[in-house]
Amino acid sequence: MGIYVLKRLLLAVPTLFVASVLIFSLVHMAPGGPIRVMLGDFQDPVLIERLRHHLGLDLPLYKQYLHWAGNILQGDLGFSITVHRGAPVTELLLQRITVTLELAAFSMVIALLIAIPAGIVSALRQNKLSDHVARLIALAGVSIPNFFLGILLILLVGVYLRQPWGAGGFVPISRGLGRNLLHLLLPAIALGTAYAAIIMRMMRSAMLDVMGQDYVRTARAMGVSWPNIVRRDIVKNALIPVVTVIGNSIGYLLGGAIVTETVFHIPGMGNLVINGIFRRDFPVIQAVVLFIVVLRIVINLGVDLLYGVLDPRIRYGAAE
């Protein structure tokens, strides 16, 4: 396993290089720039050129990229240009990472609490009323955008029910875990519902596939009780493909958090990158997107290693 992990980490190097080039190029190809945002209506050409030179924006793009990449290798993500002028981007990320990760984790917990039981029941009662209801709910969950569901939840809880925690905002854990989770409940539901639907459908399909295997029929013929077969064989083996979906969903949750945090006014990474986009803060945008890429690579590696826990027959690097 150690050799396998080392190979995966080495393969991550070119992936990160290509991702960093794309991120840097796309950000700098976007119209507008931080200088015009900083100066506002006072667009003095001489001052613009001075600021471009001071920030290094007058250099060729490849030199700007090499400077940025070299600083990253030294742990320096640069300084915010327009969102929080002069503030180190690393500090801004550290202040907001925990908020976004907490929201993503809470959303995934809600998704799993809904998806796994619903998928199991739907598979065990195939083509019955509960199965049809579960699939209908899953279809609705996939179809409704999380930002639209978030607005509906705010209208329902914050406006009609007049609950202060339903109007958005964030309460840190230091002011009470209960209040913290209560303020994250609606955004977590809005963000986790769509992924619950995806995971539920995958769990149902995987369960049905495993239930048709020969070893399940053999176990039933040997007199093993059906609940034990479901618990020990069917559910455990059905979780293997589901784990892949869960791993991918975590990455998508971070992307979905960008919109959700904006809707609910949550001061996380999503809110930070949206402000960075509006104000053309290149270092902030590049740092947040690159962090999400790194996190996706780590999550994918963790998912691959988890396969071996769920299925001991898997041997890493055996084909090599």
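This report walks through a predicted model, from its nonpolar cores to its surface and a few single residues.

## The largest core

A good place to start is the inside. The largest nonpolar core has 48 residues, and those touching the most other members are Leu103, Ile199, Met203, Met207, Ile234, Val242 and Phe264. Several helices supply two or more residues each to this core: H5 (89-124), H6 (129-143), H7, H8, H9 (214-221) and H10 (226-264). The top contributor is H8, with 14 residues.

Leu103 deserves a closer look. Setting aside residues up to four places away in sequence, Leu103 touches Leu184, Pro187, Ala188, Leu191, Ala257, Glu261 and Ile266. Apart from the largest core lies another one, made of 29 residues, including Val27, Leu92, Ile274 and Val288.

## A buried arginine in H8

Let us stay with H8 for a moment. This helix spans residues 177-211, and Arg204 is part of it. Is Arg204 buried or exposed? Its relative accessibility is 11%, and buried means under 20%, so Arg204 counts as buried.

Which side chain shares a polar contact with Arg204? The partner is Asp131, and the contact between the two side chains is 2.8 Å. Beyond its neighbours within four places in sequence, Arg204 is in contact with Asp131 as well as Gly119, Ser122, Ala123, Gln126 and Arg135.

## A nonpolar patch on the surface

Now for the outside. A nonpolar patch on the surface is formed by Ile144, Phe147, Phe148, Ile151, Leu152, Leu155, Leu156, Val159, Tyr160, Leu161 and Val259. Together these residues have about 990 Å² of accessible area. Helix H7, which runs over residues 146-160, gives the most to the patch, with eight residues. H7 is also among the helices that give two or more residues to the largest core.

One member of the patch is Phe148, which is found in H7. The relative accessible area of Phe148 is 42%, so this residue is partly exposed.

## Leu47 and a long separation

Our last stop is helix H3, which covers residues 45-55 and includes Leu47. Is Leu47 buried, exposed or partly exposed? With a relative accessible area of 27%, Leu47 is partly exposed; the range for that label lies between the 20% limit for buried and the 50% limit for exposed.

How many residues apart along the chain are Leu47 and Thr193? They are 146 residues apart, and their C-alpha atoms are separated by 49 Å.

Definitions and conventions
Residues are numbered from 1 along each chain as its sequence is written. This is a predicted model: local features need pLDDT of at least 70, side-chain atom pairs count only at pLDDT 80 or more; totals for chains, interfaces and linings use all residues. Side-chain values use heavy atoms; hydrogens and water are left out. Helices (H or I, at least four residues) and strands (E, at least two) are DSSP runs, numbered from the N terminus. Buried means under 20% relative accessible area, exposed over 50%, partly exposed in between (1.4 Å probe, protein chains only). A polar contact is a pair of N or O atoms within 3.5 Å; within protein, one must be able to donate a hydrogen and the other to accept it, and residues adjacent in sequence count only if both atoms are side-chain atoms. Contact means heavy atoms within 4.5 Å. Patches are made of residues with over 30% relative accessible area and no salt bridge: like charges are joined within 9 Å, nonpolar side chains (Val, Leu, Ile, Met, Phe, Trp, Tyr) within 5 Å. Accessible areas come from the Shrake-Rupley method with a 1.4 Å probe; for residues, only the protein chains shown count as cover. A salt bridge is a side-chain nitrogen of Lys or Arg within 4 Å of a carboxyl oxygen of Asp or Glu. A nonpolar core is a set of buried Ala, Val, Leu, Ile, Met, Phe, Trp, Tyr and Cys residues joined through side-chain atoms within 4.5 Å.
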